[in-house]
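Open the model in your viewer and keep the selection tool ready. The tour goes from one selection to the next.

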Amino acid sequence: MAKTRKSPIDMNREEFQKVGYQLIDDISNFIHSIDQKPVTPNESPSTLQAILGHSSLPENGKPAKELISRTTDLLFNHSLLNGHPKFLGYITSSAAPIGALADLLAASVNPNVGAHILSPIATEIEKQTVKWLCEFIGVSSNYGGLLVSGGNMANFTAFLAARTAKSPKNIKEDGIQNATNQLTVYCSKTTHTWIEKAVILFGLGTKSIRWIATDASNKMDTQLLETTIKEDLKNNYTPLMVVGTAGDVSTGVVDNLNELSAICKKYDLWFHIDGAYGAPAAIVPKYKHLFEGIKEADSIALDPHKWLYSPLEAGCTLVKNPQHLIDTYSSHPEYYNFSNTDGEMAQNFYEYGLQNSRGFRALKVWLSLQQVGRSGYEALITEDIELSKMLFDLAQKHNELEAVSQNLSITTLRYVPIDHDTDNDYLNTLNESILNELQTGGEVFLSNAIVKEQYCLRACIVNFRTSEKDIEEIIGIITSVGTKLHKKLSAVTKDTETE
Ligand SMILES: *Cc1c(COP(=O)(O)O)cnc(C)c1O
């Protein structure tokens, strides 16, 4: 080996600059013409595999310039573009451009935000981000927490803290098998699938979930909740926690958080709120009342990579008394020398959650909170909601569309042909085929929801690029696809009827 080392993985200054500047130029062009591209290229796995080629692990290296250039082409031309103004599917936002720069910067310095000593400024930035997120959603900044990969992890992180805090036995030491009575958790039927993964992961089992039915407005039926808890207590179960939803994933409904909180207090249960999607709307004075009771939560999950427009991945867990996180996750192995800095207590994030080595996710959130500010976010979120309402109104006025629901920034609607005699099965089939066509056609990307047995098209607007013009055009696209498919489907139905 030579005295000075030449690593094949390093890039010299000129090379890094050249490749980097080119990449930034290309990204800039991509972002600023994103509306000209199809939302999705709709290519099959085998087409994509053929483009990648089937070669085995490269024996020798290639220049970074060539690789980055080919890869930008691959990504720009063969991706679904959730930054497109007509991408309104699921709950994935357009990513803030400053978030892309933040990720580049974070990866370049590469702090390990598991321990303060390894990430001094990054740890303090993450702490400030957590504090600002508390202010954002209107809870006390005495809540503590951390950034995680997304809503699932944010909910898991809180779930385990709840289990540690509220189970009568010391599960942490004795294991779940000695928890005498079966622990039970309560959530509405509309709760996201994370709850199933959580009870599997943390040993309660799926039978521990009490799926509480919703009332006419699709909120958890709190009377039924209380009866179920009483019943369980009578039968020797051990109720652990209630999960309220602040913006359900299908239709955006927020549970009655005040009532849930009162029930939790009465029965000494942990009150968790899944606000992965909806919690940021609490920043808008006009919608604040929906979130009344959020201040009472023992823990809250929210997802900056949804309505704060952070690039994937960024979720966040907030806990009213952060000591519960430390009680759950902290341990002090002999190989960590992370104790004090000058007599001040330093916060080590590995003690707050499941991860050990941690990336600097907070940076992109911290930067966009400052770029946009409280007032900017209030405006952005309000506009998303206004656009969602506009979509609902246009659908309501249109003689071939039926507006079904509108909450926060989620609208559900369906196509109903004029000449139709309202056979729900036919409408379900028709709307499902409309959705399939929309998801592959590249003009607009919607998802689906089943509302009261009706198969609906669902638009969730967490997209700062969507405009009124897009909404008007989307109405046109849905109806023209609907007309075409109805013609085709009803002809097939008639054929089979006459056979
Ligand atoms: C999106 C969502 C989740 C899951 O979050 P991920 O970031 O996809 O892990 C959980 N709950 C609700 C209400 C959501 O909207």
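The stops below are the ligand and then the largest pocket.

This is a predicted model, in which local features need pLDDT of at least 70 and side-chain atom pairs count only at pLDDT 80 or more, while totals for chains, interfaces and linings use all residues. Residues are numbered from 1 along each chain as its sequence is written, and side-chain values use heavy atoms, with hydrogens and water left out.

**The ligand**

Select the ligand and the 15 residues around it; Gly151, Asn152, Asp274, Asp303 and Lys306 come nearest. A residue counts as near if one of its heavy atoms lies within 4 Å of the molecule.

Next, look for polar contacts (pairs of N or O atoms within 3.5 Å).
- Gly151: a backbone N or O atom lies 2.7 Å from an oxygen atom of the ligand.
- Asp274: a side-chain N or O atom is 2.6 Å from a nitrogen atom of the ligand.
- His305: a polar side-chain atom lies 2.8 Å from an oxygen atom of the ligand.

Now select α6 (151-166), which gives the most to this shell, with three residues. Helices here are DSSP runs (H or I, at least four residues), numbered from the N terminus.

**The largest pocket**

Where should you click to reach the centre of the largest pocket? Of its 32 lining residues, Ile27, Phe30, Ile31, Phe76 and Ala100 are the closest to the centre. A pocket is an open set of points on a 1 Å grid over the protein atoms alone, where a 1.4 Å probe fits, with protein on both sides within 12 Å along at least five of seven lines; lining residues have an atom within 4 Å of a point. Finish on α1, which gives the most to this lining, with seven residues.

Key
A polar contact is a pair of N or O atoms within 3.5 Å; within protein, one must be able to donate a hydrogen and the other to accept it, and residues adjacent in sequence count only if both atoms are side-chain atoms. Helices (H or I, at least four residues) and strands (E, at least two) are DSSP runs, numbered from the N terminus.
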